Amino acid sequence: QKLRSEVTDRVRADVAQGFEFVAHLHNHPFLFDRQPGDRLWTTPETVGDVAGAVAPSTNDVRVYQQYASELRLQQAWVTNGLDTLRIRAADLGKLAAAAP
């Protein structure tokens with residue numbers, strides 16, 4: 001989490017100087033070597049899930065909403081290396097409405 005605030009602080013400073021926060025690129029890679037108990041919280045039931053979904057998680061949406069509000073993020077991009085979902089900041093509320 002320390003790195004996240006360091007990066008966010010730098011983005012905040014750049015935006016304050018007139019730069020535009022055009023997009024945040026977030027990687028959802030394929031994971032073919034998952035083992036129960038790994039750092040990805042793999043369980044025996046999820047060990048076969050290789051991930052790679054381009055849908056943002058509920059937490060991703062919350063972070064993007066915060067960035068859009070505070071840092072004027074224009075787009076959020078979620079990629080798995082093959083496909084990329086590009087979400088306009090104006091559409092983030094639609095995703096939040098679908099979140100539990």
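Okay, so let's start with the core. In this predicted model, the largest nonpolar core has twelve residues: Val 15, Phe 21, Val 63, Tyr 64, Tyr 67, Ala 68, Leu 71, Leu 73, Ala 76, Val 78, Ile 87 and Leu 92. Which elements give two or more residues to this core? Those are α2 and β2, and α2 gives the most, with five residues. If you're wondering about the background, nonpolar side chains in soluble globular proteins tend to be buried together.

Now, the sheet. We have an open sheet of three strands, in the order β1-β2-β3, and the pairing is mixed. Why is one side of β1 and of β3 left without a neighbour? Well, β1, residues 23-27, and β3, residues 84-88, stand at the edges and have a single partner strand each, so on one side there's no neighbour in the sheet. Going from one strand to the next, the twist averages 15°.

Let's take the pairings in turn. β1 pairs with β2, which is residues 75-79, in the parallel sense, over five bridges. Have a look at Asn 27: its bridge partner in β2 is Thr 79. And then helix α2, residues 58-71, packs on the sheet, where it touches β1 and β2. The direction of α2 makes about 165° with that of β1.

On the other side of the pairing story, β2 and β3 run antiparallel, joined by five bridges. Here's Thr 79 again, standing opposite Thr 84 in β3. The hairpin of β2 and β3 has four residues between the strands, and in that hairpin Gly 81 takes a positive phi near 100°.

Next up, aromatics. How many aromatic pairs does the structure hold? Two. One is Phe 21 with Tyr 67: the ring centres are 5.9 Å apart and the planes sit at 45°, so we call the pair tilted. Phe 21 is in the loop between α1 and β1, while Tyr 67 is in helix α2, so this pair ties together parts that are 46 residues apart in sequence. Both Phe 21 and Tyr 67 are buried, and you've met them already, since both are in that nonpolar core.

Then there's Phe 30 with Phe 32, and this pair is stacked, at 6.0 Å centre to centre with 10° between the planes. Are these two buried or exposed? Phe 30 counts as partly exposed, at 33% relative accessibility, whereas Phe 32 is exposed, with a relative accessible area of 67%.

Last thing: find Trp 77. Arg 86 lies over the face of that ring, 4.7 Å from the ring centre.

Terms used. Residues are numbered from 1 along each chain as its sequence is written. This is a predicted model: local features need pLDDT of at least 70, side-chain atom pairs count only at pLDDT 80 or more; totals for chains, interfaces and linings use all residues. Side-chain values use heavy atoms; hydrogens and water are left out. Two strands pair if DSSP finds at least two bridges between them. Axes are lines fitted to C-alpha atoms, for helices over the stretch in contact, and angles run from 0 to 180 degrees between N-to-C directions. Contact means heavy atoms within 4.5 Å. A nonpolar core is a set of buried Ala, Val, Leu, Ile, Met, Phe, Trp, Tyr and Cys residues joined through side-chain atoms within 4.5 Å. Buried means under 20% relative accessible area, exposed over 50%, partly exposed in between (1.4 Å probe, protein chains only). Rings of Phe, Tyr and Trp (its six-membered ring) pair if their centres lie within 6.5 Å; planes under 30 degrees apart count as stacked, over 60 as edge-to-face and the rest as tilted. A charge sits over a ring if NZ of Lys or CZ of Arg is within 6 Å of the ring centre and within 35 degrees of the ring normal.
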